[in-house]
Amino acid sequence: MFGPTGGLGMNPSMDDMNLIQQAQRHQLVVSNLGEEIDLEIGPGEDDAAFANNSLIGGPPREPSTGEHDETKHMVLVSDLPSEDQDISKGTPAKRKKKVVKRWREEWADTYKWAYVDMKDGTARIFCSICREYGRKHRRNPYGNEGSRNMQMSALEEHNNSLLHKEALRLQTASKDKIVVDKPIYVKTVMSKSAGSIVEGALKRDPNEIEFVQSVQESVHALERVIAKNSHYVNIMERLLEPERMIVFRVPWIDDRGETHVNRGFRVQFNQALGPCRGGIRFHPSMNLSIAKFLGFQQTLKNALSPYKLGGASGGSDFDPKGKSDNEIMRFCQSFMNEMYRYMGPDKDLPSEEVGVGTREMGYLFGQYRRLAGQFQGSFTGPRIYWAASSLRTEASGYGVVYFARLILADMNKEIKGLRCVVSGCGKIAMHVVEKLIACGAHPVTVSDSKGYLVDDDGFDYMKLAFLRDIKSQQRSLRDYSKTYARAKYFDELKPWNERCDVAFPCASQNEVDQADAINLVNAGCRLLVEGSNMPCTAEAVDVFRKANVLIAPAIAAGAGGVAAGEIEVLRESNSMQWSAEDFESRLQEALKQTYEKALKAANDFGYQKESPEALLHGATIAAFLNIAQAMTDQGCV
């Protein structure tokens, strides 16, 4: 049937049948035959012990009657004594075999832990657990051997499984580039009405992963609202289509005189409640899907706040890292050359986001003022150095901690003395750590794109200042551990396996996946406060819900930035001089109103205050009802 594959005295047919048996134990599809590929099997990978252990991924597939009979026949044949089999026992530990297989799209559906994505223009097979391909595909995402994590044995089993080896061989052996959409985790919805909204979003924007995920989470939270009033289905369908999406070219010249072109985005999502407010993000990963997801989240966040505002977001795939001040200034001016016509105090005012700080906002506002010809309003952020001091820069991070204190107070607990893990090392993360220190908490981690830093002694103001110096000089967090010997830096890992009471994800979207959620639950986490937008995947949220871990959503916990921006605009319009204490007092009052509004909405629709879904769903419900009422009053526009 097959040609010989090498090895003295080996029986090819017997060898291949044994291999197919191993494949069936790992739920591999073997009923369709086609292209011939190489498959390397190492020592221990065809061990019978794998047959009784389940791999992480989709549910086991029940074999059909034909497959069962075929397997039974294979077992009977393989049990027969054979001289060839005796000889094969003396073959080298690692051998190369041939197996006939044909790639089918069902492969990705069967193995929920595998997907195909583009990497540097080439289709690669990635693992949904470790998010890597090639040699990195085998890396254990939970750490090195000897880790105390209880899931390690299952993941080691997965990483050494026949599936992983086949994925690697398919990657190198396939001659054609295979592109399969990355699977989108779809939550089960209770009603057909809610399901139709998600289905419509998937059909319209099938490739916008981040946006579709945010839609699913919102619709899941709104199921009880939609069930009570079918009118909200039409409102939601209109809400999910942005009022305006602007995509434009941003040419700029570097210090060497070379021309570069980036792409700019601005999504003005909804203005039913008032003029748009929303961030500008400069990051290489920026695209329309992320701009829409951020704009949608900002719309809900603004609607939940005490202020009447619409939502927007935007940015560019420009990377400010490694650029000089002059290069960043030229890029910001080119960006604003297109955007200024859509900006204004009664239209849209941007704020800081990832990759955009006071320097970038100053350049953007300067070009806007020059083109608009008048000093009409300000972008939130840059004027804190020109007018009276405020806490605008600190507001988002401080607000996250204020929100955590409100939750803990309702639980008759204090944040003082609690062990907290924080991800990220940007503006929000650093200010979260700063306020945690001020409140007497025990923050022990920060992270960057290369790994995370843990200091079991906890950070204090001196250590925080050192961390800021490291980041301002664009050095690695590893340098911190050279000064503080008890601190450790872990490469290519996230801080979610560290023991903690409260977690503050403040880095980026989808930074906490299902495996990370399991880690946090096992590490003792009982409260997760979102500092970044949508930091948890849908699977992670399910893990937290089942473990009764309370989640404070970003649209509520992150309202501090919205409140501070409006407080600043109000202060400037009235030429008022407020002290930092007055500013902080108003900020805390705005967060308290947001918290109470979310809890009331949750209670109105049957979610108990102690439920892990109370804040998560209540915040979305309260925000949506505000927008829906305004859209209903204004008619179909």
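**A walk through the predicted model**

Strand S12 and strand S13, the latter spanning residues 451-454, pair in the antiparallel sense, and four bridges hold the pairing in this predicted model. One of the places where the two strands meet can be named exactly, since the bridge partner of Thr-445 in S13 is Val-454. This pair belongs to an open sheet of three strands, arranged in the order S12-S13-S14 with antiparallel pairing. The edges of that sheet are strand S12 (445-448) and strand S14 (488-491), each of which pairs on one side only. From one strand to the next, the twist averages 20 degrees. As a general matter, the strands of a sheet pair through backbone hydrogen bonds, and they may do so in either the parallel or the antiparallel sense.

With this sheet in view, it helps to step back to the whole chain. The protein chain contains 23 helices and 17 strands, and 53% of its 637 residues count as buried. Among the contacts in the protein chain with a separation of 6 or more, 70% are accounted for by residues 24 or more positions apart.

Another part of the chain offers a strand with two kinds of pairing. Strand S8, which covers residues 310-316, is mostly covered, with seven of its seven residues buried. In a regular strand the side chains alternate between the two faces of the sheet. In S8, Gly-310, Ala-312, Gly-314 and Ser-316 point one way, while Gly-311, Ser-313 and Gly-315 point the other way, and all are buried. Strand S6 (residues 259-270) runs antiparallel to S8 and is joined to it by six bridges, and within this pairing Gln-268 has Ala-312 of S8 as its bridge partner. Strand S7 (residues 276-282), by contrast, pairs with S8 in the parallel sense over five bridges. Here the bridge partner of Arg-277 in S8 is Gly-311.

The helices can be followed in a similar way, by looking at how they cross. Two packed helices are described by the angle between their axes and by the distance between the axes. For helix H14 (residues 395-410) and helix H15 (residues 427-438), the axes come within 7 Å and cross at roughly 50 degrees, which makes H14 oblique to H15. The crossing of these two helices, H14 and H15, is right-handed. Where they meet, H14 contributes Ser-396, Gly-397, Tyr-398, Val-400, Val-401 and Tyr-402, and H15 contributes Ile-428, His-431, Val-432, Glu-434, Lys-435 and Leu-436.

A second crossing involves helix H22 (residues 580-604) and H23, whose axes also come within 7 Å but cross at roughly 95 degrees. The angle therefore makes H22 roughly perpendicular to H23. On the H22 side of this meeting are Tyr-595, Lys-597, Ala-598, Leu-599, Ala-601 and Ala-602, and the residues they meet in H23 include Ala-614, Leu-615, Gly-618 and Asn-626.

Helix H23 itself deserves a closer look. The helix covers residues 614-634, has 21 residues and reaches 30 Å from its first C-alpha to its last, close to the 30 Å expected at 1.5 Å a residue. Because 15 of the 21 residues of H23 are buried, the helix is largely enclosed by the rest of the structure. After H23 comes Gly-635, whose phi is positive, near 80 degrees.

Note on methods. Residues are numbered from 1 along each chain as its sequence is written. Side-chain values use heavy atoms; hydrogens and water are left out. The expected span of a helix is 1.5 Å times one less than its number of residues. Buried means under 20% relative accessible area, exposed over 50%, partly exposed in between (1.4 Å probe, protein chains only). Two strands pair if DSSP finds at least two bridges between them. Axes are lines fitted to C-alpha atoms, for helices over the stretch in contact, and angles run from 0 to 180 degrees between N-to-C directions. Angles under 35 degrees count as roughly parallel, over 145 as roughly antiparallel, 65 to 115 as roughly perpendicular and the rest as oblique. A crossing is left-handed if the near helix is turned anticlockwise from the far one by less than a right angle, and right-handed if clockwise. Contact means heavy atoms within 4.5 Å.
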